[in-house]
Amino acid sequence: MEITYLLNSGFLIRDDRTLLVFDDFEDPAKVVSRVISKGEFDNLYIFVSHAHFDHFGTHIRAYAQQTTRYIFSYDLKHTKRIKIFPQDNITLMKRYSEWQDDNLHVLTYDSTDVGVSFLVETNSGKKIFHAGDFNWWHWSEDTPENIDRSEKLFKKQLKRMTGMEADIAFFPVDGRLGDSQELGAKAFIEKTDIKYLVAMHRVGYPKWQPSENFFEEHETIPIWAPVKSGETITI
């Protein structure tokens, strides 16, 4: 798989001749438009995990002619922005629902903010998890009650993911959380079977380096923490 960073939680993934785009709210390097213009693909799927401005950009409407399917979180149906998209080419997914065609199988989980997270399996057998805004949102300046509530919400959802397998997982490591930015990602990789972790949702922050105790003993996986739009890796 070839993976290119767009911005924030936005990524383009190439798996053979299938393109997957996640949460493309802004694409400063014009990655998606350049790849589409080359035409070296058979299918293009565009995912949006929720309607927050930093995950959902209406410019993805410009790719409608080339898009095999728009796969949106259910909360987008309450926005005016969705009306500009071809309605017959949209799948709206609620939490804990499934959708598939000849190329993909998509399973959704809940978020700890808005919308859903996606577990996508391609017809080549690759499994990709995109968390959206699912995270342990521990804001140190928040009230004790809200901090406790956030922890319980996260752990409740994570329990449903225990044992989940994925070749690559995109997960928030938000620098705004300060010393708590790793909490969610650390707990997530301990409960799931992830082969590769990509840190996201950290615009404006330097490249993330996991702390010394991020991994349990003898249990490490490769990590990528992109900073600049257009950065690419091959896995």
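These are my notes on the two sheets of this structure and the helices that lie against them.

**Entry 1, the sheet with β1.** I kept in mind that this is a predicted model. I looked up the strand order first and found an open sheet of 7 strands with mixed pairing, running β6-β5-β4-β3-β2-β1-β16. At its edges I found β6 (90-93) and β16 (232-234), each of which has a single partner strand, so one side of each has no neighbour in the sheet. From one strand to the next, I noted a twist that averages 20 degrees.

**Entry 2, the pairing of β1.** I then followed β1 (residues 2-7), which pairs with β16 in the antiparallel sense over 3 bridges, and I noted that I3 stands opposite I233 in β16. Helix α1 (residues 31-38) lies across β1, β2 (10-15), β3 (18-22) and β4 (43-48), and its direction runs at about 135 degrees to β1.

**Entry 3, the sheet with β14.** I listed another open sheet of 7 strands, again with mixed pairing, in the order β7-β8-β9-β10-β12-β14-β15. Here β7 (98-100) and β15 (223-224) are the edge strands, and because each has a single partner strand, one side of each is left without a neighbour in the sheet. I saw that β14 and β15 run parallel and are joined by 2 bridges, with L197 opposite I223 in β15. Helix α2 packs on this sheet, touching β8 (104-110), β9 (116-122), β10 and β12, at about 150 degrees to the direction of β8.

**Entry 4, helix α3.** Which residues of α3 (residues 183-191) are buried? I found G184, A185, A187, F188 and I189 to be buried, and these pack against β10 (127-130), α2 (144-161), β12 (168-172), β13 (193-194) and β14 (197-200).

Terms used:
Residues are numbered from 1 along each chain as its sequence is written. This is a predicted model: local features need pLDDT of at least 70, side-chain atom pairs count only at pLDDT 80 or more; totals for chains, interfaces and linings use all residues. Side-chain values use heavy atoms; hydrogens and water are left out. Two strands pair if DSSP finds at least two bridges between them. Axes are lines fitted to C-alpha atoms, for helices over the stretch in contact, and angles run from 0 to 180 degrees between N-to-C directions. Contact means heavy atoms within 4.5 Å. Buried means under 20% relative accessible area, exposed over 50%, partly exposed in between (1.4 Å probe, protein chains only).
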